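Thanks for making room for me this morning. I'd like to walk you through a structure you haven't seen yet, so let's get it up on the screen.

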Amino acid sequence: MAAKVFKMTTQGREELLAELERLETVGRNDIAEKLKVARSYGDLSENSEYDEAKSEQAKIEARINELKYQLDHAVIIDAAESGGKKNVVSMGSKVTVVRKIDKKELTYEITGFSQSDPANGKISDESPVGSALMGAKKGDTVVVEAPMGNLEFKIKDVK
């Protein structure tokens with residue numbers, strides 16, 4: 001079975017590397033200190049602080065492994081390489097759209113799955129809105145299929 005490829009921008013790769021570095025140094029050191037303190041309380045069989053620290057340690061190690069896997073299977077996509085044409089939506093583009101139903105203006109940055117953060121306007125190229133926008137041009141209208149019905153967006157600007 002082929003490994004999953006994680007598309008990301010150079011900036012996204014740098015953010016993942018920074019998170020990995022922080023977890024491998026500060027995160028692991030903090031957990032080691034919590035475990036040391038919890039062990040000092042004595043009997044580990046009924047020590048909730050120790051159990052909590054071990055659980056937190058497992059979460060940090062799982063995230064470290066996840067980040068390493070994503071970075072090992074990353075494909076860097078830059079706007080210049082993924083279309084890079086003026087006013088055409090591609091990976092790394094910042095797109096301003098107007099939702100036709102309520103005329104609300106929204107701005108999205110198109111990223112890879114591992115970089116997406118919808119609350120902060122970063123959407124994956126694999127998301128319904130992101131995939132509908134990919135390859136579209138300034139002035140185009142795109143239709144996004146959603147559970148509540150189709151949504152139409154007019155592309156106002158692409159950077």
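Okay, let's begin with the sheet. It's an open one, built from 5 strands in the order β5-β4-β3-β7-β6, with mixed pairing. And keep in mind that what you're looking at is a predicted model.

Look at the two ends of that order. β5, residues 122-124, and β6 are the edge strands, and each has a single partner, so one side of each has no neighbour in the sheet. Between neighbouring strands the average turn is 45 degrees, if you ignore direction.

Now, how do β3 and β7 run relative to each other, parallel or antiparallel? They're antiparallel, and 5 bridges join them. If you want a pair to find on the screen, take V95, whose bridge partner in β7 is V158.

Right, on to the cores. The largest nonpolar core has 16 residues, and the ones with the most contacts inside it are V97, L133, F153 and I155. Where do the residues come from? At least two each are supplied by β3 (94-99), β4 (104-111), α3 (128-133), β6 (141-144) and β7 (151-158). The largest share is from β7, which gives 4 residues.

Let's zoom in on F153. Setting aside neighbours within four places in sequence, F153 touches V97, V98, R99, L106, V129, D140, T141, V142 and V144. There's also a second, separate core, with 14 residues, and L20, A38, I60 and I64 are among them.

Next, a quick stop at a loop. Between β3 and β4 you'll find K103. What's the phi of K103? It's near 60 degrees, so a positive value in a residue that isn't glycine. Most residues other than glycine have a negative phi. K103 is also exposed, at 63% relative accessible area.

Last topic: salt bridges. The count here comes to 12, and I'll show you three.

The side chains of E15 and K122 meet at 3.6 Å, N to O. E15 is in helix α1, residues 10-39, while K122 is in strand β5, so this pair ties together parts that are 107 residues apart in sequence. Buried or exposed, what about K122? K122 is buried, with a relative accessible area of 18%, which falls under the 20% cut-off. Its partner E15 is partly exposed, at 35%.

Then there's E105 with K156, where the closest N and O atoms are 2.6 Å apart. This one also links distant parts of the chain, from strand β4 for E105 to strand β7 for K156, 51 residues apart. Both ends are partly exposed: E105 has a relative accessible area of 44%, and K156 is at 46%.

The third one is R63 with E66, at 3.2 Å, N to O. These two sit in helix α2, residues 48-72, and they're 3 residues apart, which is about one turn of the helix. R63 is partly exposed at 24%, and so is E66 at 38%. Who else belongs to the network with R63 and E66? That would be E19: salt bridges with shared partners join E19, R63 and E66 into one network.

So, to recap the main stops: a 5-strand open sheet, a 16-residue nonpolar core with its largest share from β7, and 12 salt bridges. That's my tour, and I'm happy to take questions.

How values were computed
Residues are numbered from 1 along each chain as its sequence is written. This is a predicted model: local features need pLDDT of at least 70, side-chain atom pairs count only at pLDDT 80 or more; totals for chains, interfaces and linings use all residues. Side-chain values use heavy atoms; hydrogens and water are left out. A nonpolar core is a set of buried Ala, Val, Leu, Ile, Met, Phe, Trp, Tyr and Cys residues joined through side-chain atoms within 4.5 Å. Buried means under 20% relative accessible area, exposed over 50%, partly exposed in between (1.4 Å probe, protein chains only). Contact means heavy atoms within 4.5 Å. Two strands pair if DSSP finds at least two bridges between them. Axes are lines fitted to C-alpha atoms, for helices over the stretch in contact, and angles run from 0 to 180 degrees between N-to-C directions. A salt bridge is a side-chain nitrogen of Lys or Arg within 4 Å of a carboxyl oxygen of Asp or Glu.
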